[in-house]
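Trainee: I've got the model open and a few things I'd like to go through. Can we take them one at a time?

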Amino acid sequence: PPLHQIYKYLAMFEREGLKYASMEVSSEGLLHNRVSGLKFDVGILTNISEDHLNVHKTLSNYIDSKLKLFKNIKKDGYAILNRDDRFYDNFLENCDCHIFTYGRNVHSDLIIKDYVLKEDGTMLTINYQNRDYDINTTLRGEYNVYNLTAAIASLICLGFSLDDIIKRISMIGQVAGRCEFFDFPNFQVVLDYAHTQNGLKSILTYLNAIKKKRIITVVGSAGGREREKRRGMGQIVQELSDLVIYTMDDPRFEKVSDIIDDMKDLTKENYLVIENRERAIKKALELAQTDDIVLIAGKGRDQYMAVGDEYLKYSDYEVITKLQERSNI
């Protein structure tokens, strides 16, 4: 939101007696100075990927935007840096505050020693101050191993006991629309918001780690933005899926067929095109066989489809649950 709106929210939080606020600070928000003047107690670097270049044009510009957050951390605050990220040094050099690191790198302050990706969650072992801690979480995928470890690091820096933090982790439930599983009689459907190259690679890498048979992916790309990312998205989904069904995803003023043409990897033949998204999902479920996984990517729990200048009522979640009810009759 714009800066005046953020201050309004924070003032409301304070009136309600809240002590902490966590905020996702986007590179575009930083570019347009939407957090100017705010001083952060903690800033977290998750990772840098080559997304959002439609706005920033170059990776260097994108990193420069992200760096603004770390220049706005209080001198007695903490920068939580992913030591495994290839741009770690860029951020380390631009922080004038305490540094706390996390990652697989053994020189990290909070070390990710090991993890096991399971169908119903993740088991991981972290090491802090030469002591190992075992954690069970319903959160799934390697990307959530890093996200969770970063969150733990921030709470350590804010003075919370690691033993208490780990107890609370067991209370974290499934996040709606984020790697959300639905059981069908012979196979599973996964609903996820992934709509970038990095997001699709993360969710599909996890699903490949747990799959028993095939992965069928239903995916599109939003119209009116980031056209240059589409071919990379298509290459990733066709490489990491056994079958891809390309479909619509908020086409806005573009033709769905043009968007799909931008995405298709013509060097492979493992795809179908069904422009109507509901029909694409139905087809994926018809094709699914015993022990397959069907990934419905891009819209998560969104309640609309942006077509032209209209927001039409549409929900992947409703389509999936209706088909699930029919399959169980």
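Mentor: Sure, and one term before we get to the loops: helices and strands here are DSSP runs, at least four residues of H or I for a helix and at least two of E for a strand, numbered from the N terminus. Bear in mind that this is a predicted model.

Trainee: Which loop holds D291, and is D291 buried or exposed, or something in between?

Mentor: D291 sits in the loop between α11 and β12 (293-297). Its phi is positive, about 70°, although D291 is not a glycine. Most residues other than glycine have a negative phi. Buried means under 20% relative accessible area and exposed over 50%, so D291, at 30%, counts as partly exposed.

Trainee: And what about D250: where is it, and is it buried or exposed?

Mentor: D250 is in the loop between β10 (243-246) and α10 (256-263). D250 is not a glycine either, yet it has a positive phi of about 50°. With a relative accessibility of 5%, D250 counts as buried.

Trainee: How are α6 and α7 oriented to each other?

Mentor: Two packed helices are described by the angle between their axes and the distance between the axes. For α6 (residues 142-157) and α7 (residues 162-169), the axes come within 10 Å and cross at roughly 140°. Angles over 145 degrees would count as roughly antiparallel, so α6 and α7 are oblique.

Trainee: Which residues of α7 meet α6, and what is the hand of the crossing?

Mentor: On the α6 side there are L148, I152, L155 and I156, and they meet L162, I165 and I169 in α7. By class, that contact has seven nonpolar residues, no polar and no charged ones. As for the hand, α6 passes α7 in a crossing that is right-handed.

Trainee: Which residue's backbone oxygen lies 2.9 Å from a polar side-chain atom of R277?

Mentor: R277 belongs to helix α11 (residues 277-287), and at 1% relative accessibility R277 counts as buried. Beyond four places in sequence, its contacts include T247, M248, D249, Y314 and D316. The backbone oxygen at 2.9 Å from that side chain is the one of M248.

Trainee: Last one: which residues does Q235 touch, leaving out those up to four places away in sequence?

Mentor: Q235 is placed in helix α9 (residues 230-240), and at 38% relative accessibility Q235 counts as partly exposed. Its C-alpha is separated by 28 Å from that of S65, 170 residues apart along the chain. The residues Q235 touches are M263 and D265.

Definitions and conventions:
Residues numbered from 1 in each chain as written. Predicted model: local features only at pLDDT ≥ 70, side-chain atom pairs only at ≥ 80, totals over all residues. Heavy atoms only, no water. Axes fitted to C-alpha atoms, helices over the stretch in contact; angles between N-to-C directions. Parallel < 35°, antiparallel > 145°, perpendicular 65-115°, else oblique. Left-handed = near helix turned anticlockwise from the far one by under 90°. Contact = heavy atoms within 4.5 Å. Nonpolar A, V, L, I, M, F, W, Y, C, P; charged D, E, K, R; others polar. Buried < 20%, exposed > 50% of the residue type's maximum accessible area, 1.4 Å probe, protein only. Polar contact = N/O pair within 3.5 Å; in protein donor to acceptor, adjacent residues only side chain to side chain.
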